[in-house]
Amino acid sequence: MNAQIALILGQDGITNGAVYALLALSILLVFTVTRVLFIPQGEFVAFGALTMAALQAGTPTRMVWLLAGFAVAEFLADVIAARRRTGNLRIGPWMIIKLIYPFALAVLLYALPLASLPMVLRALLALAILVPMGPQLYRLFFQPIASASTLVLLIVSIAVHLALVGLGLLIFGPEGARTDPFSDVSFPLGPININSQAIWVVLVSLILIVVLYTFFERTMYGKALRAAAFNRLGARLMGISPTLAGKATFFLAALIGTVSGILIAPITTIYFDSGFLISLKGFVGSIIGGLVSYPIAAAGAVLVGLIEAFSAFWASAYKDIIVFTLIIPVLVWRSLKSHHVEEEDDE
């Protein structure tokens, strides 16, 4: 390996690591607020890329009908919950808006000349289709069992992931897809050329990371979400709704996952089930951060990207094994560092 190859591998590692860092932060965010290990995070990545490819081909994506199905189910769940709570059939205006939204979006998709739209508008349409699914998933599958144990939440998360993978196969088919790059410009840097798409990935990832940091450290709503993460009962007593906090975090997770999918769609071919491995590498980064520290999780995810890139050069057949093996020494180190054992109370 010479310096040129090392720089090329470093560029690929940092590009992949930037995406893994976003996913690590979103997984960590959802876990700290809701105690849910959000396994379906990767589906938003895959669906974001495949939806962009469908919009680029000019075919209105069937994902909007999945959004509509979730909207109908959410509407019925809200109506039943309101009936049980008040004894009356009360339908608020926000419930109507959420129900109408996907159908209005479907009409818009069929009316627009999707293939000739600018890349930015297609990306906004993909976000409009996929991001609302985040709060929908929380409302339908996790809000009713919000007080359950972490193990139960994990089992439900895995079930939702498997269901979404099957729906992805039904909607997009087994063929992979890749979209056009945002730009084809390359910038020389010493012995290598830096692809502009890689710059887009790193730049957008950094912007999102800075925005998330500012949101949670400087804004009232961000501090409210952190309060709900640290003490759900105390947050409820202070007027902070854990339900609203859960929906907000799932919204952010869906946004981050979809943006990540849009960013990597021009770089690699994405299939309906590609999201799981991508999010799993982000999960390795969040494990390095101990599912607690955002900066360490982001740094760990970038490290995962670099190790993956160099492993692909030395032993491409074992690159995923090498990456996932990183969890073992991290877990051993954290278990040795921890000096307390939590015991379950016998009931």
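This passage describes model confidence, one covered helix, two residues of a second helix and the largest pocket.

The model is predicted. Mean pLDDT over the chain is 82. A score of at least 70 is reached by 90% of the residues. Confidence varies along the chain: helix H6 has the highest mean, 93, and strand E1 (residues 186-189) has the lowest, 68. Residues 341-347 stay under 50. For that stretch the model has zero contacts beyond four places in sequence.

Helix H6 spans residues 133-142 and is mostly covered. Nine of its ten residues are buried. They are Met133, Gly134, Pro135, Gln136, Leu137, Tyr138, Arg139, Leu140 and Phe142. Charged Arg139 is thus listed among the buried residues of H6. The packing partners of these buried residues are helices H1 (3-34), H2 (41-56), H3 (63-86), H5 (119-130), H7 (150-172) and H11 (242-264).

One of those partners, H11, was examined at two positions. Ser260 belongs to helix H11. Ser260 counts as buried because its relative accessibility is 0%, against a cut-off of under 20%. A polar atom of the Ser260 side chain lies 2.8 Å from the backbone oxygen of Ile256. Beyond its neighbours within four places in sequence, Ser260 is in contact with Val19, Leu22, Leu23 and Val45.

Ile262 is also found in helix H11. Its relative accessible area is 6%, so Ile262 is buried. With residues up to four places away in sequence not counted, Ile262 touches Gly48, Ala49, Met52, Ala123, Ala126, Leu127 and Phe182. Arg218 lies 44 residues from Ile262 in sequence. In space, the two are 28 Å apart, C-alpha to C-alpha.

The largest pocket has a volume of about 690 Å³. It is lined by 31 residues. Closest to the pocket centre are Asn16, Tyr20, Ile264, Ile267 and Thr268. Several helices share in the lining. H1, H8 (196-218), H12 (275-288), H13 (294-314) and H14 (319-325) each supply at least two residues. H1 gives the most, with six residues. By class, the lining of the largest pocket holds 14 nonpolar, ten polar and seven charged residues. Helix H1 thus appears in two settings: it packs against the buried residues of H6, and it contributes to the lining of the largest pocket.

Conventions. Residues numbered from 1 in each chain as written. Predicted model: local features only at pLDDT ≥ 70, side-chain atom pairs only at ≥ 80, totals over all residues. Heavy atoms only, no water. Buried < 20%, exposed > 50% of the residue type's maximum accessible area, 1.4 Å probe, protein only. Helix = DSSP H or I, 4+ residues; strand = E, 2+ residues; numbered from the N terminus. Contact = heavy atoms within 4.5 Å. pLDDT = per-residue confidence, 0-100. Polar contact = N/O pair within 3.5 Å; in protein donor to acceptor, adjacent residues only side chain to side chain. 1 Å grid on protein atoms, 1.4 Å probe; cavity = no way out; pocket = protein on both sides within 12 Å on 5 of 7 lines; lining within 4 Å. Points joined across faces, edges and corners; volume = space filled by probe spheres on them.
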